[in-house]
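Me: I'd love to walk through this structure with you, one question at a time. Shall we take a look?

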Amino acid sequence: MLIAKEIHKSYGSLHVLKGVDLEISTSEIVSIVGSSGAGKSTLLHILGTLDHPDHGELSMNGKSLLNLRGDNLADFRNSQIGFIFQFHNLLPEFTALENIKIPGLIKGTAETQLATKAGELAEILGISHRLDHKPSTLSGGEQQRVAVARALINSPAVVFADEPSGNLDTVNAKGLHELFFKLRDELSQAFVIVTHNEELAGMADRQVVMKDGLIVQG
Ligand SMILES: Nc1ncnc2c1ncn2[C@@H]1O[C@H](COP(=O)(O)OP(=O)(O)OP(=O)(O)O)[C@@H](O)[C@H]1O
Ligand SMILES: [Mg+2]
């Protein structure tokens, strides 16, 4: 579904990605592990079209993504890509439900359809009873589950997560990890998860190991 070939990226004289090849299939959970500075986040941002490689190819279902610009790029990202970060990045002024709906509102989805979808996701994620609350009144685990629902509201082809459980305690981290697999099973959702959590990395369908800007395993 998503294919990256020969991806290179430098920041000044620092050659961060040195020719990365990676393929992600529908309903596959891939974990990316590797030491700090190996280039994991840089790769994730490029795969998610948040950053542009210096060299290489990136395509989804046969369509090249690297020539997308401006509104076309924003529309593609909004409808096909979901992101979950270590710090949930929820908007503090809005309720959980409003946060979940924002990408759908940007896409132009009808309000009734959005409310239904948000309700379904909240049900799966176990946050239905917290939807009227602002993020500051939610626990860390609840906030992260709201961020997961927000990432899924537009039914993206793939969700990228960068250290999604890095800020959670063991119990909440385990709960979040189990949710990823539930979402894969129930919605055929593909995930690419960068993590230092060995248990999560080991649970994935495929584990990719990065070292010094290259995939050395997986
Ligand atoms: N915008 C940037 N400008 C300059 N250098 C950068 C930039 N982003 C990343 N780097 C450098 O690129 C290298 C790879 O960074 P990256 O964030 O991809 O590592 P990582 O594998 O995600 O590490 P960590 O596990 O610590 O998050 C690092 O040496 C980092 O300092
Ligand atoms: Mg990183």
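Me: Let's begin with charge. How far apart are the mean positions of the positive and negative charges of the chain?
Reply: Happy to help, and please keep in mind that this is a predicted model. The chain carries 19 positive and 26 negative charges. The distance between their mean positions is 2 Å.

Me: Thanks! How many salt bridges does the structure hold?
Reply: Side chains of opposite charge can pair when their charged atoms come close. One of the pairs here is K9 with D51, with the closest N and O atoms 3.4 Å apart. That falls within the 4 Å cut-off for a salt bridge. For the structure, the number of salt bridges is 8.

Me: Let's stay with that pair. How many residues apart in sequence are the parts that K9 and D51 tie together?
Reply: K9 and D51 form a salt bridge. K9 sits in strand β1 (residues 2-11), while D51 belongs to the loop between α1 (40-47) and β4 (55-60), so the parts they tie together have a sequence separation of 42 residues.

Me: Is K9 buried or exposed?
Reply: Its partner D51 has a relative accessible area of 24%, which makes D51 partly exposed. Buried means under 20%. K9 has a relative accessibility of 9%, so K9 is buried.

Me: Which residue forms a salt bridge with D212?
Reply: D212 lies in the loop between β9 (206-211) and β10 (214-217), and the partner is in strand β2 (residues 14-24), so the bridge ties together parts 194 residues apart in sequence. D212 is exposed at 53% relative accessible area, whereas the partner is partly exposed at 29%. The closest N and O atoms are 3.3 Å apart, and the partner is K18.

Me: D212 caught my eye for its backbone too. What is the phi of D212?
Reply: Most residues other than glycine have a negative phi. D212, in the loop between β9 and β10, is not a glycine, yet its phi is positive, at about 50 degrees.

Me: And where is E163 found?
Reply: E163 is another residue other than glycine with a positive phi, near 50 degrees. With 13% relative accessibility, E163 counts as buried. Its place is the loop between β7 (158-162) and α6.

Me: Back to salt bridges: how far apart are the closest N and O atoms of D205 and R184?
Reply: D205 is in the loop between α7 (198-203) and β9, and R184 is in helix α6 (residues 170-187), so their salt bridge joins parts 21 residues apart in sequence. D205 is partly exposed at 44% relative accessibility, while R184 is buried at 16%. The closest N and O atoms of the two are separated by 2.6 Å.

Me: Which residues do salt bridges with shared partners join into one network?
Reply: D205 forms a salt bridge with R184. Bridges that share partners extend this into one network of R184, D185 and D205.

Me: Now the whole chain. What is its radius of gyration?
Reply: The chain has 7 helices and 10 strands, and its C-alpha atoms fill a box of roughly 50 × 40 × 30 Å along the principal axes. A compact globule with 218 residues would have a radius of gyration near 17 Å, and the chain agrees with this, at 17 Å.

Me: One more: what share of the contacts with a separation of 6 or more comes from residues 24 or more positions apart?
Reply: Of the 218 residues, 50% count as buried. The chain exposes about 10200 Å², with carbon and sulfur atoms supplying 50% of that area. As for the contacts with a separation of 6 or more, the share from residues 24 or more positions apart is 71%.

Conventions: Residues numbered from 1 in each chain as written. Chains lettered and ligands numbered in written order. Predicted model: local features only at pLDDT ≥ 70, side-chain atom pairs only at ≥ 80, totals over all residues. Heavy atoms only, no water. Salt bridge = Lys/Arg side-chain N within 4 Å of Asp/Glu carboxyl O. Helix = DSSP H or I, 4+ residues; strand = E, 2+ residues; numbered from the N terminus. Buried < 20%, exposed > 50% of the residue type's maximum accessible area, 1.4 Å probe, protein only. Rg over C-alpha atoms; globule rule 2.2 N^0.38 Å. Contact = heavy atoms within 4.5 Å. Areas by Shrake-Rupley, 256 points an atom, 1.4 Å probe, with all protein chains shown as cover. Lys, Arg positive; Asp, Glu negative; His and termini not counted. Charge placed at Lys NZ, Arg CZ, Asp CG, Glu CD.
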